Every structure is written in C-alpha cells, then in structure tokens.
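This report concerns surface patches and strand pairing in one protein chain. Please consult the sequence and structure shown below.

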Amino acid sequence: MSAGLVGLLVASVVALARDSAPMATEWGPVADWVGAAVTFLGFVGAIAALKVQRKSVDAQLEQHKKAKEAEEAADSARKAAAAVEALEKKEADARAVRLTVSAERPQDPPGSSYVHKPPFVVKCHLEFPIGPSYTDVDFRHPDKPNGFRVLEDNIPDPKFNVEKRGRNRFKWEVSGDFWPHGTEPEGRGWVTERTYVTFRDAAGTRWKLDGEGTLTEDRSV
C-alpha cells in the first residue's frame with residue numbers, strides 16, 4: 001500500500017512538473033491532488049510511527065515488569081533466607097536436646113537363643129548438650145505398666161534446671177515379663193505418645209520435644 005502511495009505521489013509530482021492539462025481537467029488541479037497525497041502519506045506514516053513507538057513502549061514496559069518481578073523474587077528469597085537463618089539460630093540450643101524412646105523385647109543373639117525369655121524393656125532417655133543452660137525442664141513419661149519394675153529412674157521431680165556443668169542425662173527404664181498394652185510391636189508407639197519434655201532455653205523461649213523427636217515452640221505457658 002505504501003509503495004502504491006509513493007508511486008502515486010511520484011506520478012503526481014511528474015505531472016505537476018509537466019503541467020499536465022488532461023490531469024488537471026479530469027482529476028482537478030494537480031497541485032491539490034499532490035497535496036492530498038502528501039497529507040495522506042503523512043497520516044499513514046504517522047500511524048506507522050505511532051505503532052512502532054507503541055511496540056517500543058510495550059517492550060520497555062515488559063522489560064521493566066520482568067526486571068521488577070526478578071527484583072521482587074530476589075528480595076523475597078533474601079527475606080526467606082534471613083527468616084530461615086533466624087529460626088535456625090533461635091532453635092539451635094533446643095534442637096541439640098535429644099529425647100529417645102524404645103519399647104521392645106531383646107532379640108536372640110545371632111546363632112544362639114536365650115535360655116529364658118528376656119523381659120520386655122521400656123526406655124525413655126533425655127540428653128541435653130554440654131554448655132547451654134536450660135530451665136523449667138519437665139520430663140514426662142508414661143506410668144509404669146502393671147507387672148513392670150523400675151530399672152532406672154534419675155529424673156528429678158517436679159521440674160528441674162540443667163546447668164552448664166551439671167548433670168545432663170536423665171533416664172527412665174522399666175521392664176516386665178508381659179506387655180499389657182496391645183501387641184509388643186505396638187509398644188513403642190504407645191510409649192512414644194505418652195513421652196515428651198518441655199523446657200526453656202537460655203533466651204527464655206519455651207519448647208516442647210515429643211517422643212517422635214518433633215520440636216515445637218510451646219506458647220501454652
């Protein structure tokens with residue numbers, strides 16, 4: 001279309017230069033025709049230029065949008081990393097605490113067997129790392145099953161503190177001939193559900209560590 005308009009403009013200019021009388025007679029004054037063509041071409045050119053400019057603006061806006069999204073994503077990633085680092089620092093002393101639970105009957109040694117059936121043993125062990133101080137420690141374990149006897153119990157009652165250079169290991173162990181709560185393989189689950197410890201770290205944050213090893217901040221107190 002542009003090529004046709006340019007051709008028309010050239011023909012008009014040539015006709016104007018030659019003072020073409022037929023053209024002036026049939027189509028009007030050549031000068032008016034040339035002016036109209038030039039105006040139309042200018043209008044078309046302006047539209048084309050506007051489209052090109054619009055595409056350029058859209059491309060710049062899209063580029064700016066992507067740059068902003070990338071910046072926001074990077075900022076979110078930095079904030080998330082900072083939050084994770086802060087949480088890890090906050091939980092460091094609490095995650096160093098170990099609570100282990102077992103409930104089982106010892107298996108026969110490889111290649112031999114017990115003369116007498118060994119007793120079913122339940123163990124709840126709590127260990128704090130050496131160094132940090134912990135206060136308001138409350139170590140809870142299940143009640144001694146019927147027919148069981150206590151093998152070891154060095155857990156202070158009620159709550160106690162763990163000093164930097166004090167005792168940091170606490171045990172509750174019982175054993176019996178017959179497990180009264182379901183099947184023996186279910187014993188550990190039964191004990192785990194009833195075992196947990198709560199404590200405060202040096203910063204005063206209160207934590208709860210359950211028999212499965214799950215640590216949560218305790219806001220109940």
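Glu-72 is partly exposed, with a relative accessible area of 44%; buried means under 20%, exposed over 50%, and partly exposed in between (1.4 Å probe, protein chains only). The model is predicted: local features need pLDDT of at least 70, side-chain atom pairs count only at pLDDT 80 or more, and totals for chains, interfaces and linings use all residues. Residues are numbered from 1 along each chain as its sequence is written, and side-chain values use heavy atoms, with hydrogens and water left out.

Glu-72 belongs to helix H3 (residues 30-95), a DSSP run of H or I with at least four residues. Together with Glu-62, Glu-69 and Glu-71, Glu-72 forms a negative surface patch. Patch residues have over 30% relative accessible area and no salt bridge, with like charges joined within 9 Å and nonpolar side chains within 5 Å; a salt bridge is a side-chain nitrogen of Lys or Arg within 4 Å of a carboxyl oxygen of Asp or Glu.

Helix H3 also holds Phe-43, which is exposed at a relative accessible area of 52%. Phe-43, Phe-40 and Ile-47 make a nonpolar surface patch of about 280 Å².

The strand pairings (E runs of at least two residues, paired if DSSP finds at least two bridges) are as follows.

| Strands | Sense | Bridges | Residues opposite |
|---|---|---|---|
| S3 (residues 134-140) and S7 (residues 196-200) | antiparallel | 4 bridges | Phe-139 and Val-197 |
| S7 and S8 (residues 206-210) | antiparallel | 5 bridges | Val-197 and Leu-209 |

Val-197 in S7 is thus the bridge partner of Phe-139 and stands opposite Leu-209 in S8. S7 and S8 form a hairpin with 5 residues between them, and Gly-204 in the turn has a positive phi of about 90 degrees.

Technical notes: Accessible areas come from the Shrake-Rupley method with a 1.4 Å probe; for residues, only the protein chains shown count as cover. Lys and Arg count as positive and Asp and Glu as negative; His and the chain ends are not counted. The place of a charge is taken as NZ of Lys, CZ of Arg, CG of Asp or CD of Glu.
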